[in-house]
Amino acid sequence: MSAAPAPGVGAKAPADDSARPVGQSRWTPYALLSPGLLWLSVFLVVTTIMLLPMSLSSGRAFSGDGTFSFDWQFANYADAWTQYVVDTPIFQKSLIYALIATVLTLVIAYPLAYTIAFKAGRWKNFLLVLVIAPFFTSFLLRTNAWQTILVDTGPVVSFMEASGMLSVFHAINTPDSWPSWAQIFPEGLSAENRVLATPLAVIIGLAYNFLPFMTLPLYASLERIDVRLIEAATDLYSSAWTAFRKVTFPLSLPGVVAGTLLTFIPAAGDPVNPALLGSTSDALMGNAIDAQFKATGNYPLAAALSVLLMVVIVAMVAVYVRRAGTEELV
Amino acid sequence: MSTITIDERRAQALAQLPPYREPGIATRGLRWVRAHLVQFCAALALLYMFIPVFVVVLFSFNSPTSKFNYVWNEFSTSAWVNVWKDPEITDSLTISIQVAVVSTIVATVLGSLIAFAIGRHKFRGRGATNLLIFMPMATPEVVMGSSLLTLFVAAQQEGSLGPVTIIIAHIMFSISFVVVTVKARIAGLDSRLEQAAMDLYADEKTTFRKVTFPLVLPGIVAGAMLAFSLSFDDFVITNFTSGQTVTFPMYIWGAAGRGIPPEANVVGAIMFGIALIIVLVPEIVRSVRKR
């Protein structure tokens, strides 16, 4: 980041009052920013960049002398490609599970955020507290609780089975004739009489875990909408649905996209839900990276997998920033 | 073409309408649901959010028949009585609380400073700053954890993996959440209050101390609470940076394979209760004072 302050920051009064600093000096913002940003730079940016040389190194943590040497091992990427894309579609699975979970989260979170923003009245703060309240119980315990909720003999699974939902989900599968890289749901989205240890359980868990991360940005952008715009639409004879489709929803798009980023990307790399709710064939990228680091000690291959995931993330964030700028990100 | 008055036209139109009937209970019920469909869906979403919490609390009162606490057997308070007798739980809880306290303090200070810079100042590099703050929230934890481990390995610090490296990691991912929370509070601040203080001859320091800071404080407290719960709850990143140290989430993870005891649910229920008290008591006090 450039250390040079904007010309005349101290001298010229800013255009709007809200940006008027109390203690105004040209160096003040940089003094305030630098400790935190330095921490993030060292322990986030530098570490992420260091994945690159590691992904091109050779060596193992738990065998040989346990050290790594940087020698342009592009073979790590070839290995990652054959093992996690071609032979078993773990990379594609991660993206598809995360995509379904994100759509589900958006559909569930939107009415909630809309209600809090427009219909809650004096209950607004209380409802916002409720949205983050589940955070305060250990998320491992909450994820584990889904094992109880979705237990094979329980009411939820019985209802889904009796209503035929499970048959439908089970029918959604990738045919055996498809090549190995396309086998996303080889056994179907769920089993005929079981949800646990199927892709459906993992997706339910992912959607559950990231619900607050979708709800809060949605709420933030809905709350900023000038209600008079919606009133103007209805005054001009638009139906409630048309007003929503043409006014409210487009204006909430920054929140939709921010929430999507905050849900999709972490979900694609989450190792906990697949491990606790899925079967071994539901292992996703998070589990693969975790296993290569922790079990195999193949840090270079794990780093290559992380880099692959980061490429997707950086691409998605870049598209968002080009369209909407950075001001609404945080 | 014959001309008719507006009243005649109206009478004709009314005559063509079917006679008015009071809508039945089913129609009215359907209308009510349609009018409140959004709220109804919101209630379902909240239900989805809270069922697992409810299960966690409920099963802290279960007396499971096997090691696995998945099926309800019978009501028992034994887990609540014995929760502090299991050294694995108390030790891991102690470490988690120590880590969370230190990382919360540092992250809250660093994050609040950034929030004041973003909310109150104009500076170059705003876009880069926003991006840098967004990244920890949008990066998968596995990537952050593994890259931190890579850094510590490259710096030949594998031996020092433990509470310090956990705290470093927790500060890193908590800062952004503090920034977002505090920034929202600053953005909602009425800057005329500060101007009024200045007009009344308060200097900049006094204005900050007596007006700005007290107004932003609730946001800082909320940010700190979020940072504490994120740190206390983190498993994935901690798992990479902990070495031999076992935090409470890591204890649960280890126990998941051999069966999580109801005592762990008790800790989860207590944490939830404490957080609700901290959040709700000031709200209640405020509404009582208003009367």
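**Notebook: chain A and its contact with chain B**

I began with the secondary structure of chain A, which comes to 15 helices and two strands, where helices (H or I, at least four residues) and strands (E, at least two) are DSSP runs numbered from the N terminus. I note that this is a predicted model, in which local features need pLDDT of at least 70 and side-chain atom pairs count only at pLDDT 80 or more, while totals for chains, interfaces and linings use all residues. Residues are numbered from 1 along each chain as its sequence is written, and chains are lettered from A and ligands numbered from 1 in the order in which they are written.

Next I looked up burial in chain A, where buried residues make up 45% of the 330 residues; a residue is buried if 20 or more other C-beta atoms, placed from the backbone, lie within 10 Å of its own. Helix α10 (residues 227-235) of chain A is hardly covered, with a count of zero buried residues among its nine, and just after α10(A) I found Tyr237(A) with a positive phi of about 65°.

I then turned to the interface, where 86 residues of chain A are in contact with 86 residues of chain B, contact meaning that the C-beta atoms of two residues, placed from the backbone, lie within 7 Å. On the side of chain A that touches chain B, the largest share, 17 residues, comes from α1(A). By class, that side has 61 nonpolar, 18 polar and seven charged residues, with Ala, Val, Leu, Ile, Met, Phe, Trp, Tyr, Cys and Pro counted as nonpolar, Asp, Glu, Lys and Arg as charged, and the others, Gly among them, as polar.

Following α1(A) across the interface, I found that its axis and that of α5(B) come within 8 Å and cross at roughly 135°, the axes being lines fitted to C-alpha atoms over the stretch in contact, with angles from 0 to 180 degrees between N-to-C directions. The two helices are therefore oblique to each other, a word for angles that are not under 35 degrees (roughly parallel), over 145 (roughly antiparallel) or 65 to 115 (roughly perpendicular). Among the residues that meet here are Leu32(A) and Trp39(A) in α1(A), and Ile114(B) and Phe116(B) in α5(B). By class, this contact has 11 nonpolar, two polar and no charged residues.

Lastly I checked Leu305(A), which, leaving aside its neighbours within four places in sequence, is in contact with Ala80(A), Tyr84(A), Met285(A), Ala288(A), Ile289(A) and Gln292(A).

Conventions. Buried ≥ 20, exposed ≤ 12 C-beta atoms within 10 Å, placed from the backbone.
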